[in-house]
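Open your viewer and get ready to select residues by number. We will go from the whole chain down to single side chains.

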Amino acid sequence: MSSLYSRSKDLSSRSRKSLSDSPPSSPSPSTKTFRQDRASRSDSSGVESPSDRLSARTSTYTRRENRLSSLSKTEDDTTSKDYKKLYEDALAENEKLKSRLDDSKQELTKIRLQLDRVAQKQDRISERSTVFESEKREKEALEKRVSDMEEELKVLTELKSDNQRLKDENGALIRVISKLSK
C-alpha cells in the first residue's frame, strides 16, 4: 500500500511540476475540476484506482492540449496583431500593381502612336495611289491626243504634198494654155 501511495504522490508532484513548467494560460473549467477531483481522491483514499489512472492520463493529455492551444493562440495573436506588416505588404503590392499599370499605359500610348503612323502612311499611300491614278489617266489622255495629232500631221503632210502637186499641175496647165493662146 505504501508503494501505491508513494506512486500517487510521485505522479501528483510530476503533474504539479509540469503545470508549473507550462506557459501561463487560463485553464478551462473542466481542467480545474479534474485537478481538484484527482487531488481529493489521492489524498483521501491513498489507493489509486484504474479510473484514477485514466483521469490522470486524461488530465495530462488535456494539459498538453492546452499548452499546444495556448502556443497556437499566441502565434495567432502575433499574426493577427501584425497589422502593420500586412498593411506594408498590401502597400507594396499596390505599388507593384501601379507600376505595372503605368507601364501598360505607356505601352498602350506607344502602340497608339505606331498605329497612327501606320494609318497616316496608308492615307499617304492611298493619296499617292489616287494621284498616281489621276496622273495615269492624264498621261493616257495626253498619249491619245499625241497619237491623234500625229495622225493629223500625217494627213496634213499628205494634203501639203497633194496641194504641191496640184500647184505644179496648175502651173503646167497655165503654161500650156498660154502657149496655146499665143
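What percentage of the 182 residues in the protein is buried? Buried residues make up 8%. Keep in mind that this is a predicted model.

**Stop 1: the whole chain**

Color by secondary structure. The protein has four helices and zero strands. Read from the N terminus, the order of elements is α-α-α-α.

Now switch on the surface. Its accessible area comes to about 16100 Å². Carbon and sulfur atoms account for 56% of that area.

Next, think about contacts. Take those between residues at least 6 apart in sequence. Of these contacts, 69% join residues at least 24 apart.

**Stop 2: helix H4**

Select residues 83-181. This is helix H4. The stops below return to this helix, so keep the selection saved.

**Stop 3: a positive patch**

Select Arg117, Lys121, Arg124 and Arg128. Together they form a positive patch on the surface. Zoom in on Arg128, which is found in helix H4. Is Arg128 buried or exposed? Arg128 is exposed, because its relative accessible area is 59% and the cut-off for exposed is over 50%.

**Stop 4: a negative patch**

Move along to Asp148, Glu150, Glu151 and Glu152. These residues gather in a surface patch of negative charge. Pick out Asp148, which also lies in helix H4. Its relative accessible area is 37%. Asp148 is therefore partly exposed, since that class runs between the 20% and 50% cut-offs.

**Stop 5: the first salt bridge on our route**

How many salt bridges are counted in this model? The count comes to three.

Select Lys85 and Asp89. They form a salt bridge, with the closest N and O atoms 3.6 Å apart. Why does that pair count? The distance falls within the 4 Å cut-off, so the pair qualifies.

Now look at the backbone between them. Lys85 and Asp89 are four residues apart in helix H4, so about one helical turn separates them. Show the surface again for this pair. Lys85 is partly exposed, at 45% relative accessibility. Asp89 is partly exposed too, with a relative accessible area of 41%.

**Stop 6: Arg165 and its partners**

Go to Arg165 and show its side chain. Which aspartate forms a salt bridge with Arg165? The partner is Asp162, and the closest N and O atoms are 3.7 Å apart. Arg165 and Asp162 sit three residues apart in helix H4, which means about one helical turn lies between them.

Now add Glu169 to the selection. The side chains of Glu169 and Arg165 meet in a salt bridge of 3.2 Å, N to O. Both residues lie in helix H4, four residues apart, or about one turn of the helix. Keep all of these side chains on screen. Salt bridges with shared partners join Asp162, Arg165 and Glu169 into one network.

Check how open this network is to the outside. Arg165 counts as partly exposed, at 42% relative accessibility. Asp162 is partly exposed, with a relative accessible area of 34%. Glu169 is partly exposed as well, at 40%.

**Last look**

Zoom out and show helix H4 once more. Find the positive patch with Arg128, then the negative patch with Asp148. Finish on the network of Asp162, Arg165 and Glu169.

Key:
Residues are numbered from 1 along each chain as its sequence is written. This is a predicted model: local features need pLDDT of at least 70, side-chain atom pairs count only at pLDDT 80 or more; totals for chains, interfaces and linings use all residues. Side-chain values use heavy atoms; hydrogens and water are left out. Helices (H or I, at least four residues) and strands (E, at least two) are DSSP runs, numbered from the N terminus. Buried means under 20% relative accessible area, exposed over 50%, partly exposed in between (1.4 Å probe, protein chains only). Contact means heavy atoms within 4.5 Å. Accessible areas come from the Shrake-Rupley method with a 1.4 Å probe; for residues, only the protein chains shown count as cover. Patches are made of residues with over 30% relative accessible area and no salt bridge: like charges are joined within 9 Å, nonpolar side chains (Val, Leu, Ile, Met, Phe, Trp, Tyr) within 5 Å. Lys and Arg count as positive and Asp and Glu as negative; His and the chain ends are not counted. The place of a charge is taken as NZ of Lys, CZ of Arg, CG of Asp or CD of Glu.
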